[in-house]
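Please study the sequence and the structure shown here before attempting the exercises. Each exercise gives a task and then a worked solution.

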Amino acid sequence: MAVPKQRHTKSRRNRRRSHLRLKKKNLSSCPKCGEVILPHRACVNCGQYNNREVVDVLAKLEKKERKQKEKELEAQEEARKEKQPETLDPEKLSRK
Ligand SMILES: [Zn+2]
């Protein structure tokens with residue numbers, strides 16, 4: 001069996017391990033509900049991907065839970081709409 005000729009220093013070991021750190025995930029937010037999502041994945045919260053629903057998130061829920069979830073999604077969408085600034089209207093701008 002091959003035997004190491006020389007002991008590696010702590011520094012050398014640590015330099016080797018410097019590449020083993022976790023990489024930061026490239027996260028973005030869902031255009032519909034604003035939830036944080038992974039790229040190339042459907043939104044876990046509302047089941048949207050590429051601006052259409054690909055997963056029915058309500059399918060597996062009980063009736064009571066479903067109602068609650070529907071309310072939640074609606075509230076999120078409302079909040080989202082209110083957050084977005086009004087589009088610049090040339091008429092309004094000219095009045096100012
Ligand atoms: Zn979503």
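The exercises below concern a predicted model and proceed from its overall fold to single residues.

**Exercise 1. The order of elements**

Task: Determine how many helices and strands the protein chain contains, and in which pattern they follow along the sequence.

Solution: The count comes to three helices and four strands. Reading along the sequence then gives the pattern α-β-β-β-β-α-α.

**Exercise 2. Burial and contacts in the chain**

Task: State what percentage of the 96 residues counts as buried, and what share of the contacts with a separation of 6 or more joins residues 24 or more positions apart.

Solution: A residue is buried if 20 or more other C-beta atoms lie within 10 Å of its own. By this criterion, 4% of the 96 residues are buried. Among contacts with a separation of 6 or more, 16% are between residues 24 or more positions apart.

**Exercise 3. Helix α2**

Task: Compare the expected span of helix α2 with the distance between its end C-alpha atoms, and explain why the helix lies largely in the open.

Solution: Helix α2 comprises residues 63-83, which is 21 residues. The expected span is 1.5 Å times one less than the number of residues, which gives 30 Å for this helix. The end C-alpha atoms are 30 Å apart, in agreement with the expectation. As for burial, zero of the 21 residues of α2 are buried, so the helix lies largely in the open.

Glu74 is located in this helix. It has 10 C-beta neighbours inside 10 Å and therefore counts as exposed, the cut-off being 12 or fewer. The C-alpha atoms of Glu74 and Cys33 are 8.8 Å apart, although 41 residues separate the two in sequence.

**Exercise 4. Positive phi angles**

Task: For His40 and Asn51, find where each residue lies and whether it is buried or exposed.

Solution: His40 is not a glycine, yet its phi is positive, at about 65 degrees. It sits in the loop between β2 (36-37) and β3 (48-49). With 6 other C-beta atoms within 10 Å, His40 is exposed.

Asn51, likewise a residue other than glycine, has a positive phi near 65 degrees. Its place is the loop between β3 and β4 (52-53). Asn51 has 7 C-beta neighbours inside 10 Å, so it counts as exposed.

**Exercise 5. Confidence**

Task: Identify the helices in which confidence is lowest and highest.

Solution: The mean pLDDT of the chain is 85, and 89% of its residues reach 70 or more. Confidence is lowest in helix α3 (residues 90-95), with a mean of 69, and highest in helix α1 (residues 10-17), at 96. Where pLDDT is low, predicted coordinates should not be read in detail.

Definitions and conventions: Residues numbered from 1 in each chain as written. Predicted model: local features only at pLDDT ≥ 70, side-chain atom pairs only at ≥ 80, totals over all residues. Helix = DSSP H or I, 4+ residues; strand = E, 2+ residues; numbered from the N terminus. Contact = placed C-beta atoms within 7 Å. pLDDT = per-residue confidence, 0-100.
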